[in-house]
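Let us walk through this structure one strand at a time. Keep the 3D view open as you read.

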Amino acid sequence: GPCTECSCSSGKDPDKDPSHTKKKENGDRLCVPKIFFGTRTHKQITQISRELKRTAYSCVPMTILSSRDYTCIHPVVSNSSNRNEMCVELLEGKHGKSCSYYHGVHKLSEQHALQPAAGLYQAWDIEDLVGLGRKLRACPYFAARELMVGADIVFCPYNYLLDPQIRDSMDIQLKGQVVILDEAHNIEDCARESVSYGVTESQLRAAREELELMVSSNIRQKHHEPLRAVCCSLI
């Protein structure tokens with residue numbers, strides 16, 4: 001089967017090797033690179049998985065990585081504005097509760113759940129996974145991440161591939177893999193967005209007031225003075 005993380009050598013000459021597989025350095029298992037398919041929006045992923053369904057490759061193991069905004073089914077967390085933080089808090093058991101959906105992940109990520117009996121015989125999209133997750137009371141967000149291990153093709157928004165923080169948190173390893181970027185002319189905007197940060201004028205004013213207080217109270221003046229100057233110049 002496909003390996004979790006390809007540390008493949010440069011591989012054999014594809015012409016001489018009909019299966020186009022690559023040998024792992026330790027030579028014990030054949031290792032096929034994953035295809036990471038990046039798109040601009042989640043909606044495009046739905047269109048592409050629909051197209052995949054119509055091809056001869058519709059049974060290839062796949063997964064779709066997306067945010068909790070699309071895949072969280074916990075009744076409280078999914079309706080909250082800070083889903084990520086609430087999810088992490090639940091999993092850490094901070095308030096003595098945990099997430100029963102998270103503990104049911106295996107029901108979804110074990111391949112049999114994605115077989116014909118469940119109505120998902122082939123390529124699926126986020127809606128299919130979420131529907132099945134609700135039925136099985138299992139978390140689609142973490143199931144999709146677990147399915148990445150055995151997937152030959154992984155669909156995700158651009159920023160999952162471009163933003164190093166998201167790549168790390170999602171455990172995406174791109175070395176030795178195939179990366180396809182759909183509508184790649186949008187990449188510049190996406191790269192700019194992932195390293196940009198927006199602040200409002202009221203946030204700047206509040207920061208300036210706090211920094212002024214620090215400076216006037218003689219707290220680490222030489223650090224706070226230049227920051228205050230930045231806030232003033234931006235305002």
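Find G38 first. Opposite G38 stands L181, a residue of strand β6. Remember that this is a predicted model.

Now look at the strand pair around these residues. Strand β3 covers residues 35–39, and β6 covers residues 178–181. Four bridges link β3 and β6, and the pairing is parallel. One of the facing pairs is F36 with V179, its bridge partner in β6.

Next, turn to another partner of β3. Strand β5, residues 153–157, runs parallel to β3. Five bridges join β3 and β5. Follow I35 across, and you meet I153 in β5.

How covered is β3? Four of its five residues are buried, so the strand is mostly covered. Here, buried means under 20% relative accessible area.

Step back to view the sheet. In which order do the strands lie? The order is β4-β5-β3-β6. These four strands form an open sheet, and their pairing is parallel. Why do β4 and β6 each have one side without a neighbour in the sheet? Both stand at the edges, and each has a single partner strand, so one side is left without a neighbour. You will find β4 at residues 62–64. Neighbouring strands of the sheet are turned against each other by 15 degrees on average, direction ignored.

Finally, add a helix. Helix α1, residues 42–53, packs on this sheet. The helix touches β3, β4 and β5. Its direction makes about 155 degrees with that of β5.

Definitions and conventions. Residues are numbered from 1 along each chain as its sequence is written. This is a predicted model: local features need pLDDT of at least 70, side-chain atom pairs count only at pLDDT 80 or more; totals for chains, interfaces and linings use all residues. Side-chain values use heavy atoms; hydrogens and water are left out. Buried means under 20% relative accessible area, exposed over 50%, partly exposed in between (1.4 Å probe, protein chains only). Helices (H or I, at least four residues) and strands (E, at least two) are DSSP runs, numbered from the N terminus. Two strands pair if DSSP finds at least two bridges between them. Axes are lines fitted to C-alpha atoms, for helices over the stretch in contact, and angles run from 0 to 180 degrees between N-to-C directions. Contact means heavy atoms within 4.5 Å.
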